[in-house]
Amino acid sequence: MKKQLMIWLLILLGSSIARANFPGSNSHLSEPDSLKHKKKITDFVRFKAGVMMSSFYRPDISSSNGILTNPLWSWQAGIASDFFKRKYHYSRAELSFNTKGAKEYFTSDGVEIESINQFRNLQLSVLPVVLRAEPKKINPSVGVGFYFSQRLSGSSKTGINGEKVSEDPVSLSFFDVKQDFGIVLNLEVMYKKHPGIEIRYEAGLKSQSTLRDIKNRALVFSFIF
């Protein structure tokens, strides 16, 4: 009798462990486990694309010195992945392609010079702290982090007194620093998980020239899907 009771207890204990470790063991009655737990690639990686409005920050030169800097409009695209997800915060890593630069106008001794500089970059952004409201249909979040970019190519064009701008290799050689890094401030609004919209401000901390202090500034508008 005791031996039979022990056998039944072992059977019950084994079935309990099996149910605890394999909660989907009865899923064949409703839905295959492989389908039930199948995830799309967008659950791990999100795609983003949008426009970028960039300019140069020159602390040693301003409009009073005869220079006016206008933003350069361009596009940017990349992929993003969220990790360390919690209810109210998570982290994010992104890899993107963008174009940064500026349109500048100089006036000196009656001569007007238009300069257009644009540089194409591969950029890695890491936002270790992204805070969000309690997950609902509309999910706003705010994040802070940093970026590092490597210049892939660039061009400089110059025009004098309203003439058509043309390639200017001398001006291009002036921007002799190929790397850039800086801080990122991010505001995002998602509908459920996606799609969503994002507004980002990037402030470069590294000068793009060894001759003058010229740093990148950018405002980015992105769609996430």
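Let's start at isoleucine 197, which sits in strand β9, spanning residues 196-204. Keep in mind as you look around that this is a predicted model. Isoleucine 197 has a relative accessible area of 48%, and because buried means under 20% and exposed over 50%, this residue counts as partly exposed.

Isoleucine 197 has company on the surface. Together with Phe47, Ile79, Leu95, Leu122, Leu124, Ile138, Leu152, Val189, Tyr191, Phe223 and Phe225, Ile197 forms a nonpolar patch with about 1100 Å² of accessible area. Strands β5 (111-132), β6 (138-160) and β8 (179-191) are the elements that give two or more residues to this patch.

Now follow strand β9 to another of its residues, arginine 200. Arginine 200 has a relative accessibility of 3%, so it counts as buried. Its salt-bridge partner is glutamate 94, and the closest N and O atoms of the two are 2.8 Å apart. Since glutamate 94 belongs to strand β4, this pair ties together parts that are 106 residues apart in sequence.

Glutamate 94 is a good place to pause. Its relative accessibility is also given as 3%, which makes it buried. Lysine 48 meets glutamate 94 in a salt bridge too, at 3.1 Å from N to O. That contact runs from strand β1 to strand β4, so it ties together parts that are 46 residues apart in sequence. Arginine 92 is a further partner of glutamate 94, with the closest N and O atoms 3.7 Å apart. Both lysine 48 and arginine 92 are buried. Step back, and you will find these residues in a network of salt bridges that links Arg46, Lys48, Asp82, Arg92, Glu94, Glu188, Glu198 and Arg200. The structure as a whole holds 12 salt bridges.

Some of the residues you have just met also border an enclosed space. How many cavities of 30 Å³ or more does a search of the whole structure find? There are 2. The largest has about 80 Å³ of space, and its lining includes Lys48, Glu94, Glu198 and Arg200. Strands β1 (46-57), β4 (89-108), β5 and β9 each give two or more residues to that lining, which divides into 2 nonpolar, 5 polar and 5 charged residues.

The second largest cavity holds about 70 Å³ of space. Among the residues around it are Phe56, Lys100, Phe119, Arg151 and Asp180. Here β5 and β6 each supply at least two lining residues, and the lining comprises 2 nonpolar, 4 polar and 3 charged residues.

Definitions and conventions. Residues are numbered from 1 along each chain as its sequence is written. This is a predicted model: local features need pLDDT of at least 70, side-chain atom pairs count only at pLDDT 80 or more; totals for chains, interfaces and linings use all residues. Side-chain values use heavy atoms; hydrogens and water are left out. Patches are made of residues with over 30% relative accessible area and no salt bridge: like charges are joined within 9 Å, nonpolar side chains (Val, Leu, Ile, Met, Phe, Trp, Tyr) within 5 Å. Accessible areas come from the Shrake-Rupley method with a 1.4 Å probe; for residues, only the protein chains shown count as cover. A salt bridge is a side-chain nitrogen of Lys or Arg within 4 Å of a carboxyl oxygen of Asp or Glu. Helices (H or I, at least four residues) and strands (E, at least two) are DSSP runs, numbered from the N terminus. Buried means under 20% relative accessible area, exposed over 50%, partly exposed in between (1.4 Å probe, protein chains only). On a 1 Å grid over the protein atoms alone, a cavity is a set of points where a 1.4 Å probe fits but cannot get out, and a pocket is an open set with protein on both sides within 12 Å along at least five of seven lines; lining residues have an atom within 4 Å of a point. Grid points are joined across faces, edges and corners, and a volume is the space filled by probe spheres set on the points. Ala, Val, Leu, Ile, Met, Phe, Trp, Tyr, Cys and Pro count as nonpolar, Asp, Glu, Lys and Arg as charged, and the others, Gly among them, as polar.
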